[in-house]
Amino acid sequence: MSELREINLEHGMPTVQTALSQLALELRRTRSMGCTGLKIIHGYGSSGKGGKIRVQARSRLARMKGAGEIRDYIPGEEFSIFNSATLAAFRRCGALRKDPDLERHNNGVTIILL
């Protein structure tokens, strides 16, 4: 078992609602597997305005964090060793130290801590 799972919410070009349903399913699955982190790939939107899946997924994660359903989430563009949330995430999920998106400022991904 790994501490970190990765899923691609944009695979197959789903609707926003389908992607959010997939996110909920994968969060439950990740938690039941005993993993401490989930990296979601949601894209950043080819229009340059920000992808709808990214915007809605992060909005949902903010609500979940506020309700105590997840510990935290880190937008890919903030996933840096200079970010205090990232340093805290390393303590929770050591596999994040080796993630290829670390320091890439990739706004097409989000890290979720369970």
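## Close-up views of a predicted model

**View 1. Cys 93 is a buried cysteine.** In this predicted model, Cys 93 has a relative accessible area of 0%, so this residue counts as buried. Cys 35 is buried too, with a relative accessibility of 5%.

**View 2. Two cysteines sit too far apart for a bond.** Why is there no bond between Cys 35 and Cys 93? The closest cysteine sulfur to that of Cys 35 belongs to Cys 93, and it lies 8.0 Å away, too far for a bond. A disulfide would need the two sulfur atoms within 2.5 Å. Looking from the other side, Cys 93 is in no disulfide either, and its nearest cysteine sulfur is that of Cys 35. The structure as a whole holds zero disulfides.

**View 3. Four strands make an open, mixed sheet.** Follow the strands across the sheet and you will meet them in the order E1-E2-E4-E3. Strand E1 (4-8) and strand E3 (72-75) are the edges, each pairing on one side only. On average, neighbouring strands are turned by 20° against each other, direction ignored.

**View 4. E1 and E2 run in parallel.** Strands of a sheet pair through backbone hydrogen bonds, in either a parallel or an antiparallel way. Here, E1 and strand E2 (residues 37-41) pair in the parallel sense, over five bridges. To find a bridge partner, start at Arg 5 and look for Leu 38 in E2.

**View 5. Helices lie across the strands.** Helix H1 (residues 16-32) lies across E1, E2 and strand E4 (109-113), and runs at about 155° to E2. Helix H3 (residues 84-92) lies across E3 and E4, at about 125° to E3.

Note on methods
Residues numbered from 1 in each chain as written. Predicted model: local features only at pLDDT ≥ 70, side-chain atom pairs only at ≥ 80, totals over all residues. Heavy atoms only, no water. Buried < 20%, exposed > 50% of the residue type's maximum accessible area, 1.4 Å probe, protein only. Pairing = 2+ DSSP bridges. Helix = DSSP H or I, 4+ residues; strand = E, 2+ residues; numbered from the N terminus. Axes fitted to C-alpha atoms, helices over the stretch in contact; angles between N-to-C directions. Contact = heavy atoms within 4.5 Å.
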